[in-house]
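Hi,

Here is the structure I promised to pass on. Have a look at it first, and then read on for what turned up.

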Amino acid sequence: LKAEAIADYSRLCGFQAGQGVPLTWPHILAFPMHLRLMMRPDFPFPLAGLVHLHNRIRQHARLTPGEALSLSTRFGDLMMHDRGQAFGILTAARRDGVIVWESESVYLKRGDRGLGRPAPEMEQASGMARDQVWSLSADLGRRYGRVSGDANPIHISALGARLFGFPRAIVHGMWTKARALAVLTPSGGWEAAEIEVSFRAPLFLPGEAALFMAPKHRDFEVRDPAGERVHLRGRLSVPPPSEIIV
């Protein structure tokens with residue numbers, strides 16, 4: 001875990017120095033492994049056009065800059081979705097052979113209704129109130145692409161986004177998750193926690209977004225400032241369940 005790279009990522013996503021290693025940071029380390037899996041000759045779907053639907057991260061022990069982690073990634077289950085075939089990618093980070101961090105990312109290939117168990121979907125919580133509004137710059141996708149390694153054209157430029165049917169670039173869903181997590185993370189960081197989100201409507205750049213939270217800050221959503229359009233729906237659990245995802 002390189003301290004300088006973590007610091008660059010943390011600043012872009014709104015974390016403060018005292019909050020420690022963000023729960024979302026190991027996903028950045030694992031993302032190139034996700035790409036390699038999806039670019040294998042035997043992978044059944046084209047990489048272009050896949051949609052990141054859902055992401056669940058579970059941390060079992062505090063992470064520290066400078067320590068060494070061993071990451072492994074594998075395909076998970078096929079999942080049924082009304083808009084196509086969904087599938088999971090599972091990742092585990094081990095320290096001295098023990099899992100300290102893990103995740104499940106669910107992707108969608110649009111098309112006919114898929115096979116398998118139902119894809120996860122976060123339910124709307126009651127009692128949401130707006131906490132704060134964020135201003136998102138036009139170059140946010142390019143900046144996040146540099147620190148994350150995710151150079152998907154729909155995030156990097158308006159031209160690239162238009163090639164895939166979007167009027168302008170959209171922010172990375174994992175940036176949106178991390179930005180919300182930066183607000184929810186205590187000043188001393190986490191020993192153990194779980195954060196799960198469903199990605200909803202695209203968030204265009206430049207633009208504005210607002211964080212809405214339920215009482216006790218367990219459930220949250222990222223919406224447009226008027227609160228009418230949901231971009232992300234999530235839940236934070238502390239401490240996480242003890243069972244292992246992978």
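Helix H2 gives the largest share of the lining of the largest pocket, with 5 residues. Keep in mind throughout that this is a predicted model. H2 covers 25-38, and it isn't alone: strand E1 (51-59), strand E4 (98-110), helix H3 (140-148), helix H4 (153-156), helix H6 (173-184) and strand E10 (230-237) also supply at least two lining residues each.

How many residues line that pocket, and which of them lie nearest its centre? The count is 43, and Leu-50, Val-51, His-52, Ile-154 and His-155 are the ones nearest the centre. If you want to find the pocket on screen, those five are a handy selection to start from. The space inside comes to about 1000 Å³. By residue type, the lining splits into 26 nonpolar, 12 polar and 5 charged.

Now for the protein as a whole. It has 6 helices and 10 strands. With a radius of gyration of 17 Å, close to the 18 Å that the globule rule gives for 246 residues, it is as compact as a globular protein of that length. The C-alpha trace spans about 45 × 45 × 35 Å along its principal axes.

On burial, 51% of the 246 residues count as buried. The protein exposes about 11500 Å², and 53% of that comes from carbon and sulfur atoms. As for contacts, take those with a separation of 6 or more: 72% of them are between residues 24 or more positions apart.

A few backbone details are worth a look too. Where are the cis peptide bonds I'd point you to? One runs from Leu-205 to Pro-206, with omega near -10°; Pro-206 is in the loop between strand E7 (193-199) and strand E8 (207-213). Another joins Val-238 and Pro-239, with omega about -10°, and here the proline lies in the segment after E10, the strand that also supplies at least two residues to the pocket lining.

Then there is Asp-96, which has a positive phi of about 55° although it is not a glycine. You'll find Asp-96 in the loop between strand E3 (84-95) and E4. Is Asp-96 buried or exposed? Its relative accessibility is 79%, and exposed means over 50%, so Asp-96 counts as exposed.

Cheers

Key:
Residues are numbered from 1 along each chain as its sequence is written. This is a predicted model: local features need pLDDT of at least 70, side-chain atom pairs count only at pLDDT 80 or more; totals for chains, interfaces and linings use all residues. Side-chain values use heavy atoms; hydrogens and water are left out. On a 1 Å grid over the protein atoms alone, a cavity is a set of points where a 1.4 Å probe fits but cannot get out, and a pocket is an open set with protein on both sides within 12 Å along at least five of seven lines; lining residues have an atom within 4 Å of a point. Grid points are joined across faces, edges and corners, and a volume is the space filled by probe spheres set on the points. Helices (H or I, at least four residues) and strands (E, at least two) are DSSP runs, numbered from the N terminus. Ala, Val, Leu, Ile, Met, Phe, Trp, Tyr, Cys and Pro count as nonpolar, Asp, Glu, Lys and Arg as charged, and the others, Gly among them, as polar. The radius of gyration is taken over C-alpha atoms; the globule rule is 2.2 Å times the number of residues to the power 0.38. Buried means under 20% relative accessible area, exposed over 50%, partly exposed in between (1.4 Å probe, protein chains only). Contact means heavy atoms within 4.5 Å. Accessible areas come from the Shrake-Rupley method with a 1.4 Å probe; for residues, only the protein chains shown count as cover.
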